[in-house]
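Please open the structure in your viewer and keep the residue selection tool at hand. The tour proceeds from one selection to the next.

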Amino acid sequence: KTGRITKEALMTILVSACLLGIKCKYDGNDNFCPTVAELAGQNLIIPVCPEQLGGLPTPRYPAEISKGKIINCLGEDVTEQFTRGARETLKIAQLCKANRAVLKQNSPSCGSRFIYDGTHQNQLINGTGITAKLLIENGIEVISEHDL
């Protein structure tokens with residue numbers, strides 16, 4: 001017995017960093033979720049923040065998907081940064097061989113079933129964030145913190 005944990009013994013799961021208490025949310029806060037944090041005891045957790053990976057600062061202006069683009073509350077198009085962050089997140093998932101992700105619901109990056117409607121009026125609609133969509137298209141199972 002070597003006392004080592006083998007990589008086969010752990011499941012590798014990509015997780016929205018904000019759900020783990022990392023202050024990377026658009027307003028500089030987090031979305032800590034104890035249920036998500038509990039996953040760390042039994043799995044290899046890879047925290048990601050697609051917005052930061054795409055080059056956006058924290059804090060940053062809130063953004064929503066509108067007509068296929070991601071627009072912040074000032075009317076600025078930040079689609080390029082969100083797209084870059086989605087691609088970087090996919091690279092991390094592939095590098096770590098993660099085939100599952102727990103991502104923050106309602107986010108224009110991470111929402112797996114719901115996103116805001118693009119009016120910046122706090123209205124949710126059925127939809128998928130740009131990162132969640134890319135991960136799903138590449139065979140990675142994406143769920144939200146509400147699915148645990």
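The stops below concern the nonpolar cores, the cysteines and several backbone features.

This is a predicted model, in which local features need pLDDT of at least 70 and side-chain atom pairs count only at pLDDT 80 or more, while totals for chains, interfaces and linings use all residues. Residues are numbered from 1 along each chain as its sequence is written, and side-chain values use heavy atoms, with hydrogens and water left out.

**The nonpolar cores**

Select first Leu14, Ala93, Ala101, Leu103, Leu135, Ile140 and Val142. Within the largest nonpolar core, which has 15 residues, these touch the most other members. A nonpolar core is a set of buried Ala, Val, Leu, Ile, Met, Phe, Trp, Tyr and Cys residues joined through side-chain atoms within 4.5 Å. Buried means under 20% relative accessible area, exposed over 50%, and partly exposed in between, with a 1.4 Å probe and protein chains only.

Next, colour β2 (43-48), α3 (79-96), β5 (100-103) and α4 (130-137), the elements that give two or more residues to this core. Helices (H or I, at least four residues) and strands (E, at least two) are DSSP runs, numbered from the N terminus.

Centre the view on Ala93. Leaving aside residues up to four places away in sequence, Ala93 touches Leu14, Ala98, Leu135 and Ile140; contact means heavy atoms within 4.5 Å. Apart from this core lies another, of twelve residues, including Val15, Val36, Cys49 and Val102.

**The cysteines**

How many disulfides does the structure hold? There are zero, a disulfide being a pair of cysteine sulfur atoms within 2.5 Å. Select Cys33 and Cys18: the sulfur of Cys18 is the closest cysteine sulfur to that of Cys33, yet at 9.8 Å it is too far for a bond. Cys33 is buried, at 13% relative accessible area. Then select Cys73, whose sulfur is 17 Å from the closest cysteine sulfur, in Cys49, again too far for a bond. Cys73 is partly exposed, with a relative accessible area of 39%.

**Backbone features**

Move to Thr58 and Pro59, which are joined by a cis peptide bond with omega about 0 degrees. Pro59 belongs to the loop between α2 (50-53) and β3 (63-66).

Continue to Lys67, in the loop between β3 and β4 (69-72). Its phi is near 55 degrees, a positive value in a residue other than glycine. Lys67 is exposed, at 84% relative accessible area.

Finally, select Asn106, in the loop between β5 and β6 (114-116). Phi of Asn106 is near 80 degrees, a positive value in a residue other than glycine. Is Asn106 buried or exposed? With 16% relative accessibility, Asn106 counts as buried.
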